[in-house]
Amino acid sequence: MLDFIRIACVVPEVRVGDPTRNTEDICAWLDKAEAEGSDLVLFPELAVTGYTCGDLFLQDVLLRTAEDGIAKIAAYSQKYPALTIVVGVPLRFGGLLYNCAAVISDGVIRGIVPKTYLAGEMGESRWFATVSKLLVTTVRCAGQEVPLGSDLLFSLEDGTIFGVEICEDLWRPVSPSARLVAAGAEVILNLSASNELVGKRARRQELVRSQSAANCCTYVLVSAGYTESTQDTVFSGHSIVAEKGKVLMENKHLIDAGYMLVCDSDLGKLRYLRQKNGHAGVAAQPCRVVLCGDAPRSDGSRYELTKLPFVPQTKAARQERCREVFEIQVRGLAQRLRAVGGKAVIGVSGGLDSTLALLVAVEAMERIGKSAADVHGITMPCFGTTDRTYQNAWMLMEKLGVTAKEIPIREAVKLHFADIGQDPNKLDATYENSQARERTQVLMDYAGLCGGMVVGTGDLSELALGWCTYNGDHMSMYGVNASVPKTLIRFVIEMLAESERFAKAKDVLFDILDTPISPELLPPDASGKIAQQTEDLVGPYALHDFFLYYVVRYGLAPKKVYTLACRAFSDTFDSATVKKWLITFYRRFFTQQFKRSCMPDGPKVGAVSFSPRTDWKMPSDACSALWLSEAENL
């Protein structure tokens with residue numbers, strides 16, 4: 001159910017021209033790969049003999065010993081029936097020699113894949129034939145009848161499918177892996193012997209990343225190590241695993257050998273994206289599928305997780321992400337303002353969301369040749385407003401130079417309570433929602449008065465949980481934060497606070513960042529501080545954004561979301577707390593869809609968006625029983 005697969009990349013210290021020694025070494029590495037619980041173990045191109053044998057590839061004794069080596073590896077693999085092995089070896093068929101990958105599991109050579117494109121730089125055509133020369137689809141190898149060809153796919157017991165290509169195949173405009181992926185391959189294994197040159201490691205990494213992204217697959221490359229270096233050529237021993245454009249694992253040293261790297265890949269994420277986007281099942285040419293090995297046994301414990309999946313881990317990457325988000329928000333709002341030709345009206349509370357919306361609006365006005373004064377910020381103090389947020393709201397508007405206005409709504413809300421018969425001492429949902437709707441009415445009517453449009457402040461996390469008042473703060477003419485999660489908003493504001501553009505507002509921005517998140521709809525405590533803290537009521541936004549990312553972005557089931565969250569937050573929340581808030585997430589996510597079904601326009605800034613027009617189409621009356629049942633029984 002967790003859909004992980006564990007991959008071991010092995011770069012042995014190959015002795016060139018010594019298949020006997022290399023075979024023993026490969027078998028020893030299998031012991032280590034098994035000890036790590038690996039599902040797939042990949043060795044470099046021609047690892048049985050060494051890649052740089054040159055004219056020794058024409059020697060009968062080398063080739064016979066190499067084939068014997070494959071037989072010994074196959075026999076040794078019976079010790080580890082859960083392990084699938086892919087290793088490079090030169091093999092003769094029909095009087096010609098081929099650069100091959102042998103796929104082995106549980107004592108059986110499951111298939112042999114010859115190299116499609118020979119490397120001209122290395123003069124491979126001097127010894128090897130291309131796959132186009134093959135006249136047969138099966139061959140006798142090491143005493144076994146084995147499928148042969150570049151059209152082979154290998155299916156594990158659970159249906160996990162992988163394909164194989166060799167070195168140069170990756171560097172061609174149309175690689176064999178494109179065909180394999182179109183036919184259903186989820187993992188591509190590349191046995192390589194790539195010499196090292198200045199800048200080539202980065203190019204190799206980019207190729208692997210781009211292949212994995214374009215093909216929505218996990219791409220694994222393992223290259224021959226430095227012990228193959230000879231004459232004018234040095235080999236790097238580069239290993240890299242990429243999943244949908246993200247590097248999961250890579251060796252650290254530029255020139256390397258004699259090591260093994262192990263990591264997990266999440267095939268469940270890839271399967272969801274393929275199902276959603278139609279990446280597989282469109283092959284122009286059919287492929288043969290060979291049954292090969294047990295189902296993956298990985299529990300995903302080698303898969304890197306972060307508590308904040310929407311937020312890059314390094315500061316440089318965060319800054320870049322935040323700049324991109326802000327620019328998209330600004331351009332989207334600027335275009336809307338240019339189209340309607342009006343002013344921007346924003347309710348300013350002194351909280352995170354309205355702060356970011358105000359910063360976006362000020363920048364957008366400048367982009368269309370207007371001044372910050374064309375942004376109208378309105379603070380609307382009521383029963384829950386604290387002095388800290390009130391002062392911050394005013395200070396922020398003054399520092400940014402917007403047109404600032406205060407419209408208290410206490411008396412209007414009290415009058416409304418009297419009209420509908422609400423007890424003002426009853427601090428229920430009506431007490432809170434009446435304030436939110438009064439604020440929205442004020443903003444809408446003021447926008448009509450000044451010839452402007454209301455800019456919404458609600459964020460992606462609030463929309464996921466329905467933590468907004470229907471036709472209250474839920475509504476606007478344009479919601480600039482609608483696809484920005486709460487955990488990322490903090491970092492966008494921090495980036496802007498540190499920028500020269502908003503240097504005048506730096507101090508107040510950092511104080512806003514330090515203020516507890518609250519809708520301020522209930523009275524402050526006895527000391528005048530915020531009493532109603534959102535995360536005490538609805539749960540930690542860090543957890544909810546984690547749930548949101550994996551539920552909506554990748555369609556993961558409650559059991560897997562829970563498992564990943566328990567691992568990611570093991571030092572923060574116990575499993576009972578994770579389960580409690582996961583149930584809350586699913587309950588609110590389903591019951592609050594009606595709010596997302598009629599949300600205003602807003603700029604999409606990331607892969608997760610709730611726009612009912614382009615991104616998220618869910619019935620408002622969908623039954624949540626399946627999801628809640630699985631979550632409650634964890």
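Begin by selecting Thr 84, which lies in strand S3, a run covering residues 84-93. In this predicted model, Thr 84 is buried, with a relative accessible area of 1%. If you display its surroundings and leave aside residues up to four places away in sequence, you will find that Thr 84 touches Asp 39, Leu 40, Val 41, Val 103, Ile 104, Ser 105, Leu 156, Phe 162, Cys 292 and Gly 293.

**The whole chain**

Now zoom out until the whole protein chain is in view, where the C-alpha trace spans about 100 × 50 × 45 Å along its principal axes. The secondary structure comes to 20 helices and 20 strands, and of the 634 residues in the chain, 56% count as buried. Among the contacts with a separation of 6 or more, 75% are between residues 24 or more positions apart. The chain exposes about 25,300 Å², and carbon and sulfur atoms supply 51% of that area.

**Helices H7 and H8**

Select residues 315-340 next, which make up helix H7; this helix has 26 residues and reaches 37 Å from its first C-alpha to its last, close to the 38 Å expected at 1.5 Å a residue. Colour its buried residues, which are Arg 318, Gln 319, Cys 322, Val 325, Phe 326, Gln 329, Val 330, Gly 332, Leu 333, Ala 334 and Leu 337. What covers these buried residues includes strand S16 (343-347), helix H8 (352-367), strand S19 (452-456), strand S20 (478-479) and helix H13 (486-497). Following H7 is Gly 341, whose phi is positive, near 65 degrees.

From there, move on to helix H8, which is among the elements covering H7. Its end C-alpha atoms are 23 Å apart, in agreement with the 22 Å that its 16 residues should span at 1.5 Å a residue. Of those 16 residues, 14 are buried, so H8 is largely enclosed by the rest of the structure. Just after H8 comes Gly 369, which takes a positive phi of about 80 degrees.

**Salt bridges**

Side chains of opposite charge can pair when their charged atoms come close. The structure holds 40 salt bridges, and a few of them are worth selecting one at a time.

Start with Asp 3 and Arg 271, which form a salt bridge whose closest N and O atoms are 3.1 Å apart. Asp 3 lies in the segment before strand S1 (4-11) and Arg 271 in helix H6 (residues 267-277), so the pair ties together parts that are 268 residues apart in sequence. Asp 3 is partly exposed, with a relative accessible area of 31%, and Arg 271, at 24% relative accessibility, also counts as partly exposed.

Next, select Glu 45 and Lys 115, whose side chains meet in a salt bridge at 2.8 Å, N to O. This pair links distant parts of the chain, 70 residues apart, with Glu 45 in the loop between strand S2 (40-42) and helix H2 (60-76), and Lys 115 in the loop between strand S5 (108-114) and strand S6 (138-141). Are Glu 45 and Lys 115 buried or exposed? Both of these residues are buried. Keep Lys 115 selected and add Glu 124, with which Lys 115 forms a salt bridge, the closest N and O atoms being 2.8 Å apart; Glu 124 is buried, as is Lys 115. Elsewhere, salt bridges that share partners join Glu 327, Arg 331, Glu 363, Glu 366, Arg 367 and Arg 501 into one network.

**Cysteines**

A disulfide is a covalent bond between the sulfur atoms of two cysteines. How many disulfides does the count come to? With sulfur atoms required to lie within 2.5 Å, the count comes to 0 disulfides. Select Cys 141, which is in no disulfide and whose nearest cysteine sulfur, that of Cys 100, is 8.2 Å away; Cys 141 is buried, with a relative accessible area of 1%. Then select Cys 287, likewise in no disulfide, for which the nearest cysteine sulfur is that of Cys 217, 14 Å away. At 18% relative accessibility, Cys 287 counts as buried.

**A patch on the surface**

For the last stop, show the surface and select Tyr 226, Val 234, Leu 254 and Ile 255, which form a nonpolar patch with about 330 Å² of accessible area together. Within this patch, Leu 254 is found in the loop between strand S13 (246-250) and strand S14 (259-266), and this residue is partly exposed, with a relative accessible area of 48%.

Technical notes
Residues are numbered from 1 along each chain as its sequence is written. Side-chain values use heavy atoms; hydrogens and water are left out. Patches are made of residues with over 30% relative accessible area and no salt bridge: like charges are joined within 9 Å, nonpolar side chains (Val, Leu, Ile, Met, Phe, Trp, Tyr) within 5 Å. Accessible areas come from the Shrake-Rupley method with a 1.4 Å probe; for residues, only the protein chains shown count as cover. A salt bridge is a side-chain nitrogen of Lys or Arg within 4 Å of a carboxyl oxygen of Asp or Glu. Helices (H or I, at least four residues) and strands (E, at least two) are DSSP runs, numbered from the N terminus. Buried means under 20% relative accessible area, exposed over 50%, partly exposed in between (1.4 Å probe, protein chains only). The expected span of a helix is 1.5 Å times one less than its number of residues. Contact means heavy atoms within 4.5 Å.
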